[in-house]
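Hi everyone, thanks for making room for me today. I'd like to walk you through one structure, stopping at a few places along the chain. Please have a look at it while I talk.

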Amino acid sequence: MQENMFKHKIVNYWRNIDKKIFFCFLILFFLGLFFSFSSTSSLAGERLNKDYYFFFTKHLIFTFLALIIMISISLVNTSFLKKIILPIFIFSFIFLALVPFFGVEVKGAKRWLDLYFFRLQPIEILKPFFILATVKVLTLEKLKNSQIKYFFSFLLLLSVIILLIDQPDLGQSILLVLSWSATIFISGVSLFYIISFFSIFFISISLLLFLMPEKFGYIINRLVTFIDPGKGDKFQSTSALDAIKLGGLKGQGMGEGILKESVPEAHTDYIIAIISEEYGSIISTLIILIFLYISFRIIKNCINQEDNLIKISLCGLATLMIFQTFIHVGVNTSLIPTTGMTLPFLSYGGSSLIGSAILAGVILNYTK
C-alpha cells in the first residue's frame, strides 16, 4: 500500500513538474561538474600540492547535495513552502549577522562562517529567500492598498545591504538592489519610488566611499582602473578577456587554457572565461542561452499564473538569476568593473551551489 502511494506521488510529481526547466537545471549542474574538473585539477595538483581530484571531489559532493536540496524543495507542498519562507529568511539573516563577529577573513573580506566541514557564505543562501520574503511583504493582504508595503520591503533590503557593505561585498549588494528594484517594479510600484530609491542608494554609496576610504578605497581603485586602465592594476580582467580572445569560437582544448593558472580564484569568479578559452565562445553562448531559456519558460508560466505571490516571486527569482549571470559575464568580458561574482550552478563553491539549488527548487515548485 505504501509502495503504491509512493509511486503515485512520484508519478504525480513528474506529471506536474516543468520538465524543460528541470532538465535545464540538471544540464547546468552537470556542466558545472565537468568544468570544475577541467579548471581545478592543475590548481590542486601543481600549485597546492594536493590530489588532482581534491577540488573536483568537493564539487561532486556539493553537486549531489544541491540536487537533493533542489528536488526536495520542488517536492514540498506549495502552500507549506509559502508558510516557511519568512522563518527560513530570518534564520539565514541571523547567519549573515554573525559574520562580523565569527566570520573568517579572506583577502581583506569577512564573508564566510567556518562550519568545520566547510565554509558557508550566508548571503548565497539568503539571496533567494530575500526575494521571496520581499514578495511576501508586497503581497500581504493587510497592506494590499497601502504604499507602506514598499517602505517595509525597503527596510528589509536596507538591513541586508548594511551587513553586506560591512563585509565588504559591494557586488552582492548591487545584485540585491537590482533584483529588489525589478521585483517591486513588477509588483506595480510607481517609477517615482524607484528613482527616489536609486538616488538615495547612490548618494549613500558615494558618501561611504569618500568618508571611509580605508575600508572602501578598493572600490574607488576598481572604478578608476575600469575607466582608465593605465591608472591601476587590471591584470585579472585583462587576463580573462585575453583568454576569451585566445579561445575563439572552438577553444584551445580541454586542459590547454592558461587563465586558471595565472588568475587567483579563476574557477569561481572567472569560470565563463575558462570555458571560453578551453571550449570556445560557442559553448559559453550556449550556456547563456540556457539561462535565457529558463527565464523565458518562467515568464511564460507567469502569464497564466493567477496567484500574485507566485507570479511576482517567479519574476523576482528569474531576475536574480539573470542579473547574477550577466554581472559575471560582464566582469569576465571587461564590460563592468570587477565584482567577484560567481556564475550560478557552474562556479566552484559549496555555498554558491546550495544557493543555486534553493533558487532552482523554488522555481520548480512554483511552476508546477
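Let's begin at Asp114, which stands opposite Arg119 in strand E3. Keep in mind that this is a predicted model. Strand E3 covers residues 119–120, and E2 and E3 pair in the antiparallel sense over 2 bridges. Now, how many residues sit between these two strands in their hairpin? There are 4, and one residue to look at here is Tyr116, which takes a positive phi near 70°.

E2 has another partner, too. Strand E1, residues 103–106, runs antiparallel to E2, residues 109–114, and 4 bridges join them. If you want a place to put your finger, try Val106: standing opposite this residue is Ala109 in E2. While you are looking at strands, here is a handy rule: in a regular strand, side chains alternate between the two faces of the sheet.

Next stop, a loop. Between helix H15, residues 308–332, and helix H16, residues 350–366, you'll find Phe345. Phe345 is not a glycine, yet its phi is positive, at about 75°. Is Phe345 buried or exposed? Its relative accessibility is 1%, so Phe345 counts as buried.

Let's step back into helix H15, where Thr319 lies. Thr319 has a relative accessible area of 18%, and because buried means under 20%, Thr319 is buried. Which residues does Thr319 touch, if we skip those up to four places away in sequence? They are Ser179, Ala182 and Thr183. The side chain of Thr319 also reaches the backbone oxygen of Gly316, at 2.6 Å. And then there is Ser295: 24 residues separate Thr319 from Ser295 along the chain, while their C-alpha atoms are 8.1 Å apart.

My last stop is the cysteines. Searching the whole structure for disulfides gives 0. Take Cys302, which is in no disulfide; its nearest cysteine sulfur belongs to Cys315, 3.8 Å away. Why is there no bond between Cys315 and Cys302? A disulfide needs the two sulfur atoms within 2.5 Å, and the sulfur of Cys315 is 3.8 Å from that of Cys302, so they are too far apart for a bond. Both cysteines are buried: Cys302 has a relative accessible area of 6%, and Cys315 has 11%.

That's my tour, so thanks for listening!

Technical notes: Residues are numbered from 1 along each chain as its sequence is written. This is a predicted model: local features need pLDDT of at least 70, side-chain atom pairs count only at pLDDT 80 or more; totals for chains, interfaces and linings use all residues. Side-chain values use heavy atoms; hydrogens and water are left out. Two strands pair if DSSP finds at least two bridges between them. Buried means under 20% relative accessible area, exposed over 50%, partly exposed in between (1.4 Å probe, protein chains only). Contact means heavy atoms within 4.5 Å. A polar contact is a pair of N or O atoms within 3.5 Å; within protein, one must be able to donate a hydrogen and the other to accept it, and residues adjacent in sequence count only if both atoms are side-chain atoms.
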